[in-house]
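Here are my notes on the model you sent, set out as numbered points. They begin with backbone geometry and then turn to packing, ring pairs and the pocket.

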Amino acid sequence: MWHVLEHVHGLSQRLVQLKNLLKPNGRLIVAVPNCASSDAAHYKQYWGAYDVPRHLYHFKPADIKNLFEKNLFEVEQILPMKLDAFYVSMLSEKYKGGNMLSGVWHGLRSNIQAARKKGTYSSQIYIIKHK
């Protein structure tokens, strides 16, 4: 589910379907924007990954863990999507009326800050398995 979960209507029902589709020892791979990232904090209402109304949900790492744990899944691993910080920051600059170079700078800054504080990248990949 590469940048899909934030668009899904009937989220609880979909998670039940996913659980039923997943083979024993299978893994679900979910990539979503992280609204707790430093670029989200920097751009505030201009943060490109809010993408309302297409994004129905906005997740923090704890939200993903809680959502999947409630549905008898376990987050096995969290990986960064470092390039997303650049894309989202450049898009945010466009919304804000800024320039692309500033977006590149803020994307880099976001990744540096995320490297210091694990789990705060602009977008993250979650490797999920049955509990």
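1. Helices and strands are here DSSP runs, the helices being H or I runs of at least four residues and the strands E runs of at least two, numbered from the N terminus. In those terms Asp-51 belongs to the loop between α2 and α3. The model is a predicted one, and the points below should be read with that in mind.

2. The backbone at Asp-51 deserves a look, since this residue has a positive phi of about 40° although it is not a glycine. As a background to this, most residues other than glycine have a negative phi, and most peptide bonds are trans. Asp-51 counts as buried because its relative accessible area is 19%, and the cut-off for that class is under 20%.

3. The loop between α2 (38-43) and α3 also holds Pro-53, and the peptide bond that joins Val-52 to Pro-53 is cis, with omega at about 10°.

4. A further positive phi is found at Leu-72, a residue other than glycine, where the angle is near 65°. Leu-72 comes just after α3, and its place is in the loop between α3 and β2.

5. Which residues of helix α3 (residues 61-70) are buried? They are Pro-61, Ile-64, Leu-67 and Phe-68, and they are on the same side of α3 because they cover an arc of only 130° around the axis. The general background is that an α-helix has 3.6 residues a turn, so residues three or four places apart point the same way. The partners against which the buried residues of α3 pack are the helix α1 (11-21) and the strands β1 (28-33), β2 (73-80) and β3 (123-130).

6. The aromatic pairs in the structure number 3. In one of them, Trp-47 with Tyr-50, the ring centres are 4.9 Å apart and the planes stand at 85°, so this pair is classed as edge-to-face; the angle that this class requires is over 60 degrees. Trp-47 counts as buried, because its relative accessibility is 2%, whereas Tyr-50, at 25% relative accessibility, counts as partly exposed.

7. Another of the pairs joins Phe-68 and Phe-73, whose ring centres are 5.5 Å apart and whose planes are at 75°, so that this pair too is edge-to-face. Both of these phenylalanines are buried, and Phe-68 is one of the buried residues of α3 already listed.

8. The largest pocket has a volume of about 190 Å³. Of the 15 residues that line this pocket, those closest to its centre are Gly-48, Ala-49, Asp-51, His-55 and Tyr-87, and Asp-51 is the residue whose positive phi was noted above. Helix α4 (residues 82-96) gives the largest share of the lining, 5 residues. By class, the lining divides into 6 nonpolar, 5 polar and 4 charged residues.

9. Is Asn-111, a residue of helix α5 (residues 100-116), buried or exposed? Asn-111 is buried, because its relative accessible area is 10%, which falls within the limit of under 20%. Once the neighbours within four places in sequence are left aside, the residues in contact with Asn-111 are Lys-82, Ala-85, Phe-86 and Tyr-121.

Terms used:
Residues are numbered from 1 along each chain as its sequence is written. This is a predicted model: local features need pLDDT of at least 70, side-chain atom pairs count only at pLDDT 80 or more; totals for chains, interfaces and linings use all residues. Side-chain values use heavy atoms; hydrogens and water are left out. Buried means under 20% relative accessible area, exposed over 50%, partly exposed in between (1.4 Å probe, protein chains only). The arc is that of the directions from the helix axis to the C-beta atoms. Contact means heavy atoms within 4.5 Å. Rings of Phe, Tyr and Trp (its six-membered ring) pair if their centres lie within 6.5 Å; planes under 30 degrees apart count as stacked, over 60 as edge-to-face and the rest as tilted. On a 1 Å grid over the protein atoms alone, a cavity is a set of points where a 1.4 Å probe fits but cannot get out, and a pocket is an open set with protein on both sides within 12 Å along at least five of seven lines; lining residues have an atom within 4 Å of a point. Grid points are joined across faces, edges and corners, and a volume is the space filled by probe spheres set on the points. Ala, Val, Leu, Ile, Met, Phe, Trp, Tyr, Cys and Pro count as nonpolar, Asp, Glu, Lys and Arg as charged, and the others, Gly among them, as polar.
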